[in-house]
Amino acid sequence: MSLLLVTATICLPSRAQDGRFTTGPWPAPVEGHVPVRPGEHPRLVFRRADVPELRRRATETAEGRAMVARLRHLLDGGEGMPAIYNTNPPVNIGARGPSQLPETSYTLWHGAGFGLLYQLTGEERYAALALRCVDKAFAGVPDRDERYGWTRPGGQLRAGPSVSAIALAYDLAYDGWPEADRIRVARAIQDYEGRGVSDSADGGIRLENLLVHPRHHPQSNHWGMQVGGGLLAVLAIRGDPGTDDARIARLLEAGK
């Protein structure tokens, strides 16, 4: 569902770089930035103020229409739950789903895809579908690529993207969910604990492990998947009802 990021990148206005270098600290404050308020969504890929322009470009430009059509195709039409689910056992390597199942099969990113449709249309039925997709993940249904899953990811390398997929769905569909479900999903992300399939060291994969005690090191290709996925999850729920502010602040600081 990387189409989500492509859609937001192309549909939103860009700012030209002036090419000048500064000698001040990095990262530096962004001029005109308005901090995210608790309970304000979306916040990860674009902000609420960006939605009108995003909707315009999605309907009035050829590029936007093509991207939405592609998104609906990947969502198996985009008007209901996907018809095909991966029944292969979870693995760390050697996934069979991508070669066996059509690209319209259920993925962990279906919730984010329906969340994007909700943002583009304002129709709450898409937010409801996003929640159903999230609950499929919570129930143990793996991605089309069975290395990725909420309950049985193939180690921390796969856990980071798996958690961030649910965080994206939460962020994009938040305003269309009942309050009880917002809190339920936020707490599930905060208290995340999967059970890895690769080795005994992955027996308990918690959000804290991804950020405070990640396996490997920054030189490893595993590092960004673990820490990046964990940070995206923390940023998605930071300050929201039902979360522990002190715990989230500690995780955010550890992942910097």
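**Exercise 1. Find the loop that holds Asp76, and decide whether Asp76 is buried, partly exposed or exposed.**

Solution. Start with the place: Asp76 sits in the loop that links helix 3 to helix 4 (97-100). Keep in mind as you go that this is a predicted model. Next, check the backbone: the phi of Asp76 is near 60°, which is a positive value in a residue other than glycine. Now the surface. Buried would need under 20% relative accessible area and exposed over 50%. Asp76 comes out at 34% relative accessibility, so it counts as partly exposed.

**Exercise 2. Work out which residues Pro98 touches once its neighbours within four places in sequence are set aside.**

Solution. First locate Pro98: it belongs to helix 4. Then look for partners from elsewhere in the chain. With those neighbours left out, Pro98 is in contact with Arg144, Asp145 and Glu146. Take Asp145 as the example: it is 47 residues away from Pro98 along the chain, yet their C-alpha atoms are separated by 5.6 Å. Finish with the surface: Pro98 has 35% relative accessibility and therefore counts as partly exposed.

**Exercise 3. Describe how helix 3 and helix 5 cross, and say which residues make the contact.**

Solution. Begin with the axes. Those of helix 3 (residues 62-74) and helix 5 (residues 110-121) come within 10 Å and cross at roughly 140°. To put a word on that angle, recall that roughly antiparallel takes over 145 degrees. The two helices are therefore oblique to each other. As for handedness, helix 3 passes helix 5 in a left-handed crossing. On the helix 3 side, the contact is made by Val68, Leu71, Arg72 and Leu74. Helix 5 brings His110, Gly113, Leu116, Leu117 and Leu120.

**Exercise 4. Test whether the length of helix 10 agrees or disagrees with 1.5 Å a residue, then look at what its buried residues pack against.**

Solution. Helix 10 covers residues 221-237, which is 17 residues. The span uses one less than the number of residues. At 1.5 Å a residue the helix should therefore span 24 Å, and with its end C-alpha atoms 26 Å apart, the two agree. Now the packing. The buried residues include Gln226, Val227, Gly229, Gly230 and Leu231, and further along Ala233, Val234, Ala236 and Ile237. Their packing partners are helix 7 (156-173), helix 8 (179-190), helix 9 (207-211) and helix 11 (245-255). Just past the end of helix 10, Gly239 has a positive phi of about 80°.

**Exercise 5. Pick out the cis peptide bond that leads into Pro42, and place Pro42 in the chain.**

Solution. The bond runs from His41 to Pro42, and its omega is near -5°. Pro42 itself lies in the loop between helix 1 (3-11) and helix 2 (51-60).

**Exercise 6. Step back and sketch the whole chain: how many helices and strands are there, and what share of residues is buried?**

Solution. Count the elements and you get 11 helices and two strands. In sequence order they read α-α-α-α-α-α-α-α-β-β-α-α-α. Of the 256 residues, 47% are buried. For contacts, take the pairs at least 6 apart in sequence: 70% of these join residues at least 24 apart. Last comes the outside: the accessible surface is about 12,800 Å², and carbon and sulfur atoms account for 53% of it.

Technical notes:
Residues numbered from 1 in each chain as written. Predicted model: local features only at pLDDT ≥ 70, side-chain atom pairs only at ≥ 80, totals over all residues. Heavy atoms only, no water. Helix = DSSP H or I, 4+ residues; strand = E, 2+ residues; numbered from the N terminus. Buried < 20%, exposed > 50% of the residue type's maximum accessible area, 1.4 Å probe, protein only. Contact = heavy atoms within 4.5 Å. Areas by Shrake-Rupley, 256 points an atom, 1.4 Å probe, with all protein chains shown as cover. Axes fitted to C-alpha atoms, helices over the stretch in contact; angles between N-to-C directions. Parallel < 35°, antiparallel > 145°, perpendicular 65-115°, else oblique. Left-handed = near helix turned anticlockwise from the far one by under 90°.
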